[in-house]
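Reader: I'm new to reading structures, and whole models are a bit much for me. Could you pick one loop, look at it closely, and then show me how it fits with what's around it?

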Amino acid sequence: MDLSLKRRSLIGGGILGFGTLLSKLLPSSAFAQTPTSADTSTPSGHSVPVHGGSMTMGDVDNSRNGFDPQNILTDWEVGKVSQLPNGKTLREFEISIAEQEVEIAPGVVYPAWTYNGRVPGPTLRVTEGDRVRIRFKNPGVHPHTLHFHGIHSARQDGVPGTLEAFPEQEVVYEFDAKPFGCHLYHCHSAPFKRHLHKGLYGAFIIDPDPKQHPDQQEKAQSRLLGSPQNAKWQEFLMVMNAFDTNFDEENEFYAVNTIPHEFMKRPIQIERDRPVRVYLINVTEFDPINSFHLHGNFFDYYDHGTTLIPTLRTVDTIMQCQAQRGILEFTFQKHELGIYMFHAHQSEFLELGWMSAFEVVA
Ligand SMILES: [Cu+2]
């Protein structure tokens with residue numbers, strides 16, 4: 001049997017029809033056509049409609065991985081907060097490299113490189129104008145960096161030759177947070193493609209400072225973590241990523257927050273009467289575009305999150321190149337309760353894991 005067959009030809013022939021061949025590539029048939037009833041029941045006992053017919057069977061051991069994609073939705077890290085003599089807020093973070101195995105689908109272990117032991121790395125959340133200081137430790141055996149998207153000096157760019165942490169070294173990045181928006185950070189060491197695809201990326205969210213936006217103060221307040229206006233919102237971080245498990249430079253698994261089908265098996269509960277805000281980031285390697293499509297509803301989109309007025313209104317699908325990101329806002333207030341799917345609108349991606357659902361509850 002020709003095991004050099006490309007993934008796309010496997011998919012073209014149908015995952016199920018090629019079960020025997022696939023089992024040589026993936027441990028114990030990671031995908032199944034019909035989920036068991038256990039796979040499809042939600043915390044409130046509703047069953048999840050199956051979209052396309054293939055889902056991973058079984059569950060990833062999140063405790064062994066040391067992180068849970070459900071928690072990654074909402075675990076903002078605000079750093080150690082103090083005041084500088086000039087009145088500015090200082091936020092200090094520590095990020096360390098771990099070169100470790102991660103179970104990315106049931107029984108499929110991937111040799112990942114991680115920031116603080118998780119993929120994506122910690123979600124750093126600060127306010128526009130804050131001083132950000134990150135102590136970056138590299139106990140690994142390869143050089144790594146932190147390259148932040150944002151406005152900063154060349155000296156802070158985190159590319160080879162600039163604040164690159166070699167094995168057993170430590171470097172410190174320090175800059176003022178701007179512009180406000182939904183950003184990311186990632187490793188920029190060479191070879192770039194490898195360091196990124198291994199899992200070295202994370203979200204960097206800069207909330208707007210309402211004082212600096214008198215014309216849109218209410219909107220700015222609603223984005224500012226810790227404000228009463230922000231507390232009304234249900235906010236989620238979603239990082240679209242993928243994994244090439246057989247190193248042929250094509251992905252076998254697609255996901256939001258690393259684990260394929262996680263939010264299809266266990267839909268994200270949202271309260272009908274509270275608005276939803278999604279910080280969406282695409283770090284998918286090898287495929288030029290990823291996308292987000294919402295069922296039964298439309299949303300407003302803020303490209304890069306750098307505006308307080310939507311850049312797209314009333315859309316149900318957006319696409320993002322690698323490193324593109326944005327903020328989605330929507331409400332299910334006038335909807336029936338129930339399960340509403342969202343997924344990549346590349347059919348192949350959703351069949352290979354990037355398929356999710358909200359469960360709208362009263
Ligand atoms: Cu790296």
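Author: Happy to. One term before we zoom in: a polar contact is a pair of N or O atoms within 3.5 Å, and inside a protein one of them must be able to donate a hydrogen and the other to accept it. Also keep in mind that what you're looking at is a predicted model.

Let's take the loop between strands E13 and E14, and begin with Glu252, which sits in that loop. Is Glu252 buried or exposed? Its relative accessible area is 7%, and because anything under 20% counts as buried, Glu252 is buried. So what does its side chain do in there? A polar atom of the Glu252 side chain lies 2.7 Å from the backbone nitrogen of Thr245. The side chain of Glu252 also reaches the backbone nitrogen of Asn246, this time at 3.3 Å. Both distances are worth finding on your screen.

Now look at two other residues in this loop. Phe247 belongs to the loop between strand E13 (234–243) and strand E14 (253–256). Its phi is near 55°, a positive value in a residue that isn't glycine. Phe247 is exposed, with a relative accessible area of 53%. Glu249 is in the loop between E13 and E14 too, and its phi is near 65°, again positive in a residue other than glycine. At 44% relative accessible area, Glu249 is partly exposed.

Glu249 also has a charged partner. In general, side chains of opposite charge can pair when their charged atoms come close. Which residue does Glu249 form a salt bridge with? The partner is Lys193, and the closest N and O atoms are 2.9 Å apart. Lys193 lies in helix H6 while Glu249 is in the loop between E13 and E14, so the pair ties together parts that are 56 residues apart in sequence. Lys193 is partly exposed, at 36% relative accessibility.

While you're by that helix, glance at what comes just before it. Pro191 is in the loop between strand E11 (181–186) and helix H6 (192–197), and the peptide bond from Ala190 to Pro191 is cis, with omega near -10°. Another cis bond to a proline runs from Val119 to Pro120, also with omega near -10°; Pro120 is in the loop between strand E6 (108–115) and strand E7 (123–127).

Back to our loop, and to the strand that leads into it. How many residues of E13 are buried? The count is 10 of the 10, so E13 is largely enclosed by the rest of the structure. The side chains alternate: Gln234, Phe236, Met238, Met240 and Ala242 point one way, while Glu235, Leu237, Val239, Asn241 and Phe243 point the other way. Whichever way they point, all of them are buried.

What does E13 pair with? Strands of a sheet pair through backbone hydrogen bonds, either parallel or antiparallel. E14, on the far end of our loop, runs antiparallel to E13, and four bridges join the two. One place to look is Asn241, whose bridge partner in E14 is Ala255. E13 also pairs with strand E16 (residues 276–282), here in the parallel sense and over seven bridges. For that pairing, find Leu237: its bridge partner in E16 is Tyr279.

Let's finish by placing the loop's salt bridge in a wider view. A search of the whole structure finds 23 salt bridges. Among them is the one between Arg266 and Asp59, with the closest N and O atoms 3.1 Å apart. Arg266 lies in the loop between helix H9 (262–265) and strand E15 (268–271), and Asp59 in the loop between strand E2 (55–56) and helix H4 (62–65), so this pair ties together parts that are 207 residues apart in sequence. Arg266 is partly exposed at 31% relative accessibility, and Asp59 is partly exposed at 44%. Another salt bridge joins Glu94 to Lys137, where the closest N and O atoms are 3.6 Å apart. Disulfides are another matter: the structure holds zero.

So, to picture the loop once more: Glu252 is buried and reaches the backbone nitrogen of Asn246, Phe247 is exposed, and Glu249 forms a salt bridge with Lys193.

Definitions and conventions. Residues are numbered from 1 along each chain as its sequence is written. This is a predicted model: local features need pLDDT of at least 70, side-chain atom pairs count only at pLDDT 80 or more; totals for chains, interfaces and linings use all residues. Side-chain values use heavy atoms; hydrogens and water are left out. Buried means under 20% relative accessible area, exposed over 50%, partly exposed in between (1.4 Å probe, protein chains only). A disulfide is a pair of cysteine sulfur atoms within 2.5 Å. Two strands pair if DSSP finds at least two bridges between them. A salt bridge is a side-chain nitrogen of Lys or Arg within 4 Å of a carboxyl oxygen of Asp or Glu.
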